[in-house]
Amino acid sequence: RPNFVIGDARVTLAQADGQYDAIILDAFSSDAIPVHLLTREAISMYLDKLAPGGILLVHISNRYLDLEPVLLPRAELEDAL
């Protein structure tokens, strides 16, 4: 049975103990992008909070900005490790 935690990804995860099987970020669909959720430090924290074999899902659909080039290089780097 999944346990859902809803909140600001950086704040909520920084305060959380333990690791997660999945972290889902869905905060980028409006015209105001929460850039603090996309920094190198934020992504590193998300990955540190993942359990072994866990998955980070980021919904990057946006009407105004193409966020794929921002996240793809980081995803490819982590995948190579």
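Modeller: A residue is called buried under 20% relative accessible area, exposed over 50%, and partly exposed in between. The structure discussed here is a predicted model.

Colleague: Why is isoleucine 55 called partly exposed?

Modeller: Isoleucine 55 has a relative accessible area of 44%. Because partly exposed covers the values between 20% and 50%, isoleucine 55 is partly exposed. Its place is in strand β2.

Colleague: What makes Ile24, Ile55 and Leu57 a nonpolar patch?

Modeller: Nonpolar side chains are joined into a patch within 5 Å, provided that each residue has over 30% relative accessible area and no salt bridge. Isoleucine 55, with 44%, is over the area limit of 30%. Together, Ile24, Ile55 and Leu57 have about 280 Å² of accessible area on the surface.

Colleague: Leucine 56 is also in strand β2. Why is leucine 56 called partly exposed?

Modeller: The relative accessible area of leucine 56 is 23%. Buried requires a value under 20% and exposed a value over 50%, so leucine 56 is partly exposed.

Colleague: Which residues does leucine 56 contact, leaving aside its neighbours within four places in sequence?

Modeller: Leucine 56 is in contact with Ile23, Leu25, Tyr46, Leu47 and Leu50. To be called a contact, a pair must have heavy atoms within 4.5 Å. A C-alpha separation is another kind of value: between leucine 56 and isoleucine 43, 13 residues apart along the chain, it is 9.3 Å.

Colleague: How do you know that alanine 9 is buried?

Modeller: Alanine 9, which lies in helix α1, has a relative accessible area of 10%. The limit for buried is under 20%, and therefore alanine 9 is buried. Not counting residues up to four places away in sequence, alanine 9 touches Leu25, Leu37, Met45 and Tyr46. Its C-alpha atom is 8.6 Å from that of alanine 42, and the two residues are 33 apart in sequence.

Colleague: What makes a group of residues a nonpolar core?

Modeller: The residues must be buried, belong to a set of types that includes Ala, Leu, Ile and Tyr, and be joined through side-chain atoms within 4.5 Å. The largest nonpolar core has 14 residues, and those with the most contacts inside it are Ala9, Leu13, Ile23, Leu38 and Tyr46. At least two residues of this core come from each of α1 (9-15), β1 (20-25) and α2 (40-48). The largest share, four residues, is supplied by α2.

Colleague: Where does histidine 59 lie, and why is it called partly exposed?

Modeller: Histidine 59 is found in the loop between β2 (50-58) and α3 (68-80). Its relative accessible area is 37%. Since values between 20% and 50% count as partly exposed, histidine 59 is partly exposed.

Colleague: Why is the pairing of histidine 59 with aspartate 26 called a polar contact?

Modeller: The limit for N or O atoms in such a pair is within 3.5 Å, with one atom able to donate a hydrogen and the other to accept it. The side chains of histidine 59 and aspartate 26 make this contact at 2.6 Å. Histidine 59 and alanine 27 are 32 residues apart along the chain, and their C-alpha atoms are separated by 7.4 Å.

Colleague: What pattern does the protein chain follow along the sequence?

Modeller: The pattern is α-β-α-β-α, with three helices and two strands. Of the 81 residues in the protein chain, 26% are buried.

Conventions
Residues are numbered from 1 along each chain as its sequence is written. This is a predicted model: local features need pLDDT of at least 70, side-chain atom pairs count only at pLDDT 80 or more; totals for chains, interfaces and linings use all residues. Side-chain values use heavy atoms; hydrogens and water are left out. Buried means under 20% relative accessible area, exposed over 50%, partly exposed in between (1.4 Å probe, protein chains only). Patches are made of residues with over 30% relative accessible area and no salt bridge: like charges are joined within 9 Å, nonpolar side chains (Val, Leu, Ile, Met, Phe, Trp, Tyr) within 5 Å. Accessible areas come from the Shrake-Rupley method with a 1.4 Å probe; for residues, only the protein chains shown count as cover. A salt bridge is a side-chain nitrogen of Lys or Arg within 4 Å of a carboxyl oxygen of Asp or Glu.
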